[in-house]
Amino acid sequence: MNENQLQALSWIVEQYDDQETPVTPADVADHFESDIDAVRSCFDNLESKCLLKCIDGGYRPTVTARELLELDIDDDTVLILDTDPCE
Amino acid sequence: MTSNDTPTDDSGSLEGLELTGEQETIELRDREYAVYRCIDCANVVLTMQDADGGMTCHDEPMERVTECKLDIKPPDIRQVLLDAFGLPKPGLDICLCVIGEGPISPGELADTLDYSESTIRTYLNELVDFGLLQKSQLNRESGGFVNVYHSIDLDEMREETLIGFYAWAGEAASLIDEANVTKEQYRDAEYDDGLNEVFWERFREE
């Protein structure tokens with residue numbers, strides 16, 4: 001679900017803030033009617049980019065994720081995250 | 001981007017352009033751009049859209065140029081980007097490769113494009129300097145920060161690249177004009193050297 005990663009991240013933030021419980025790949029797969037394996041892969045990717053953190057059997061969005069969403073970047077744009085900048 | 005609008009092929013002719021008559025003039029009537037000339041002065045303008053009501057110079061309507069007598073060569077998009085903007089192909093590859101791919105890391109991009117990660121970072125920063133990408137810094141929970149590179153608005157990009165290209169084309173047109181003036185001056189004056197020496201000496205000085 002590459003094209004929907006930002007959309008998924010946005011929903012995870014809303015869901016986490018509303019429910020105050022960790023969000024699981026199954027929650028996202030149910031909501032977006034997506035393949036669970038694709039969603040797990042998306043979660044892995046978002047976690048590797050410091051956007052999700054694994055807690056208590058689920059995931060919570062990070063500060064980085066919230067700041068990224070505040071940039072209001074379109075889904076169909078170039079988006080490169082460098083978590084290890086050598087500057 | 002301007003050059004994407006101009007079809008090219010490898011045969012050396014502009015696709016869709018009709019060569020007419022014995023002098024091989026090029027038909028410009030149906031191109032997506034238009035060239036107008038002033039009927040009173042030497043002003044020539046290029047537009048990407050037909051201006052409502054036509055173009056004017058000295059408050060008089062300009063004449064649309066329908067034929068080009070010079071055998072112009074088809075522009076190559078890579079060469080145009082390199083010449084006009086100093087943007088090498090890898091820079092463009094980065095933009096084209098990852099549009100809509102979601103968050104991707106420089107390492108993943110390097111694997112996809114078969115460049116080194118440091119090369120990717122260099123080009124990312126060049127694209128920021130050039131204005132095709134924006135760079136932001138996000139805080140990281142474990143300390144430090146994450147760099148984000150993302151596209152500028154596509155409409156803004158289209159306008160900025162057109163303006164940039166027109167500025168470059170204006171500079172190029174000035175050079176061509178100056179070259180013609182140099183030839184005129186040579187014709188009207190007495191030089192010991194040949195035109196070839198005078199011409200290149202003039203442009204070397206500048």
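## Strand β10 of chain B

L138(B) stands opposite V146(B) in β10(B). Strands here are DSSP E runs of at least two residues, and helices are H or I runs of at least four, both numbered from the N terminus. The model is predicted: local features need pLDDT of at least 70, side-chain atom pairs count only at pLDDT 80 or more, and totals for chains, interfaces and linings use all residues. Residues are numbered from 1 along each chain as its sequence is written, chains are lettered from A and ligands numbered from 1 in the order written, and side-chain values use heavy atoms, without hydrogens and water.

Strand β9 (residues 133-139) of chain B runs antiparallel to β10(B), joined by 7 bridges. Pairing requires at least two DSSP bridges between two strands. The two form a hairpin with 5 residues between them. In the turn, G143(B) has a positive phi of about 105°.

Chain A also reaches this strand. Its strand β3 (residues 79-82) is joined to β10(B) by 4 bridges, again antiparallel. D82(A) stands opposite N147(B). β10(B) itself spans residues 145-151, and 6 of its 7 residues are buried. Buried means under 20% relative accessible area, with a 1.4 Å probe and protein chains only.

## A three-stranded sheet in chain B

Chain B has an open sheet of 3 strands in the order β4-β3-β7, with antiparallel pairing. The edge strands are β4 (44-47) and β7 (63-65), each pairing on one side only. The twist averages 35° from one strand to the next.

Strand β3 (residues 34-37) of chain B pairs with β4(B) over 4 bridges. There, T47(B) is the bridge partner of A34(B).

## Chain A: overview and helix contact

Chain A has 4 helices and 3 strands. Along the sequence they follow the pattern α-α-α-β-β-α-β. Of its 87 residues, 45% are buried.

Helix α1 (residues 5-19) of chain A meets helix α3 (residues 36-48) of chain A: their axes come within 11 Å and cross at roughly 80°. Axes are lines fitted to C-alpha atoms, for helices over the stretch in contact, and angles run from 0 to 180 degrees between N-to-C directions. That crossing makes α1(A) roughly perpendicular to α3(A), a label for angles of 65 to 115 degrees.

Q5(A), L9(A) and I12(A) of α1(A) make the contact with C42(A), F43(A), N45(A) and L46(A) of α3(A). Contact means heavy atoms within 4.5 Å. The contact residues divide into 5 nonpolar, 2 polar and no charged. Nonpolar covers Ala, Val, Leu, Ile, Met, Phe, Trp, Tyr, Cys and Pro; charged covers Asp, Glu, Lys and Arg; the others, Gly among them, are polar.

How values were computed
Parallel < 35°, antiparallel > 145°, perpendicular 65-115°, else oblique. Buried < 20%, exposed > 50% of the residue type's maximum accessible area, 1.4 Å probe, protein only.
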